[in-house]
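Work through the exercises below with the sequence and the structure in view, and try each task before reading its solution.

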Amino acid sequence: MARSVQRKSSDARRARRKRAMLWSYLIILVAILVLPMSGYLYAYLSPQTAQAAAKQETNPRANFWRAVRGGDQGYTSESGPYTTNVLIQNGGQNWREIRNGPVVAYGAGLMGIMLAAIIAFYLYRGRVRIEAGRSGVRVPRWTMNDRMLHWIVAGTFIILAITGLSLLYGRAVLIPVLGLEGFSLVAAAFKFVHNLFGPIFVVALVMMIISFMSGNLPEKGDLKWLLEGGGLLGKHVSSGRYNAGEKIWFWVVVTMGLAASITGLILDFPVFGQTRGVMQWSQTIHAVTTIIFVTGAFGHIYIGTLGMEGSLEAMTQGSVDANWAKEHHDLWYEDMKRSGRVGAVEDAPGGRGSRPGAPAGHRA
Amino acid sequence: MSFAQFVEGPLWYASAAIFVVGVVWHIVSVLRLGGRRELSTPRTGAAGGVISANLRHFFPSGTFLKRTTFHVVAGYLFHLALFALLLFGAPHVEFIKQHVLGFGWTAFPHGVFVLSAELAIAGWIMLYLRRLMDPVLRLISDADDHISSLLVFVVMLTGCMALIQGVTALRLIHMLTFEALLVYFPFSRLMHTFMFVFSRSYTGAAYGRRGETL
């Protein structure tokens, strides 16, 4: 009896620690992403910016500048793969304005809206619990290879996102904090890290796409799942191994991930005769696709951790609780039951295999 | 004395000394433990067993080929790439020339150096994820395993950042983390860099005397 009470108290402590850890992760994530945006917002709304904007409207040198940007060719003794006889490369100016204008502004807006939506949803719905409670019976969901690929992609993605967003928003956010020299140092270091981790991400992403492709093709029932909101707002909706939401996220990863990868490689290895125009377009596409990717990742990370009880362990342990499977992927659960694989797992939710004292991961 | 001079001068020499003395002390301590006295008559000499154990362990055993493929590939990827960039990266060759041996050798071109760094990082990620996700490996991993792994990663990461030529602060950060690694090295499982030969030899010799091969 005393042992049972002790175990319950230990389980409660563990659950509290887990909740505290999840909250900490969320707060850190939100802080990383919101703080830079708040700085941008501050810079955008500051009186100096407004003054600068007003000044720009009445710039007496506008005609001169327009003429400079006209692209008239002069004479130069220089030769090479790039245009050298034009004073200002007009495409570069356009690229800079697109990058520092709509891409930065709408990007911050999109990510901010997503974060606000997640917070609002959490406040409204709370954590999606396993309604029937934990059964203690485990169902294998992801193989070691699946999980390995997922975490290599996820880990490198987070590094790339932090370094990439710092480069994109650093001018507005980090310079006021670090100063020009400090930001120059951080930007240069982050650029190298970004360039080094990029190719690793690309290889892992392609392998993950190939590995996960077959299960993510559209099926009958996906539309119904979507029309009923995936059960997030009400009762659960029938689903196979992957629900329509997961499939949509997979195809976002495929399209945005591959677009970001291809453009990233073009930027990372500028030794194949890429023209300035190609580099400028690549950078713009790279920024836009990665912002969409990051925005989607917020939702994915939320629902995989804080938003839904029992889903993270699918990717950390490789298995899920049978009641979780019944509630969220009932058709898949029935398939697993028919093939006798329910309970065929040794790794337990505590992550410690069959170590004594760990929550039961027993066979059915 | 500036901070840079301190990091690349006294601190470097101190950490290098701790590393050398610590490694020697560790190896001598293990050797002084000796082995269990063999009571049976040796069937064959120990030398064959030592050579066999050392060489054959470089290849995965056929019986466990499928189960070990992942960590064998990741292990080779990480270690070979790490030592390649450690020994043939141009900044490292230059450092060895200036601060260690007084002479250098031909270094990798920049592209190959970067490729080695990519492979080493990819190998590290694969190995560390395996440590976190394999239930048995997770269970037997202790603080030292995690500290060692993360310290190596931090050194690699700061090394990536230090690739920017001429930025003293980034070079110093890399140097500082490397010095921390040198100090930690002899007291950690990173000693497997040297000890794997001794442990393979010990086991190989024991089996060799009994007429078995590993």
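**Exercise 1: Confidence**

Find the stretch of chain A over which pLDDT (the predictor's confidence in each residue, from 0 to 100) stays under 50, and say how many contacts the model has for it.

Solution. pLDDT stays under 50 over residues 348–364 of chain A, and for these residues the model has 36 contacts beyond four places in sequence, where two residues are in contact if their C-beta atoms, placed from the backbone, lie within 7 Å. Turning to chain A as a whole, its average pLDDT is 84, and 82% of the residues score at least 70. Among the helices of chain A (helices, H or I, of at least four residues, and strands, E, of at least two, are DSSP runs numbered from the N terminus), confidence is lowest in α2 (residues 47–57), with a mean of 62, and highest in α7(A), at 96. This is a predicted model, in which local features need pLDDT of at least 70 and side-chain atom pairs count only at pLDDT 80 or more, while totals for chains, interfaces and linings use all residues. Residues are numbered from 1 along each chain as its sequence is written, and chains are lettered from A and ligands numbered from 1 in the order in which they are written.

**Exercise 2: Chain B and its helix α4**

Describe the elements of chain B, and then name the buried residues of α4(B).

Solution. Begin with the count, which is ten helices and zero strands in chain B. Next take burial: a residue is buried if 20 or more other C-beta atoms lie within 10 Å of its own, exposed if 12 or fewer, and partly exposed in between, with C-beta atoms placed from the backbone. By this rule, 23% of the 214 residues of chain B count as buried. In α4(B) the buried residues are Ala74(B), Phe78(B), Ala81(B), Leu82(B) and Leu85(B), and α6 of chain B is included in what covers them.

**Exercise 3: Where the chains meet**

Work out which elements of chain B touch chain A, and what kinds of residue they bring.

Solution. First, 21 residues of chain B are in contact with 19 residues of chain A. The elements of chain B that give two or more residues to this side are α6 (110–133), α7 (135–140), α8 (143–161) and α9 (168–184), and the largest share, nine residues, comes from α6(B). Finally, the residues on this side of chain B divide into 19 nonpolar, no polar and two charged; here Ala, Val, Leu, Ile, Met, Phe, Trp, Tyr, Cys and Pro count as nonpolar, Asp, Glu, Lys and Arg as charged, and the others, Gly among them, as polar.

**Exercise 4: The largest core**

Which element gives the most to the largest nonpolar core?

Solution. A nonpolar core is a set of buried Ala, Val, Leu, Ile, Met, Phe, Trp, Tyr and Cys residues joined through C-beta atoms within 7 Å. The largest one has 65 residues, and those with the most contacts inside it include Val193(A) and Cys160(B). The element that gives the most to this core is α5(A), with 23 residues. Leaving aside neighbours within four places in sequence, Cys160(B) is in contact with Phe192(A), Val193(A), Leu196(A) and Ala117(B).

**Exercise 5: Two isoleucines**

Why does Ile113(A) count as exposed, and why does Ile266(A) count as partly exposed?

Solution. Ile113(A), found in helix α4 of chain A, is exposed because it has 11 other C-beta atoms within 10 Å. Ile266(A), placed in helix α7 of chain A, counts as partly exposed because it has 18 C-beta neighbours inside 10 Å.
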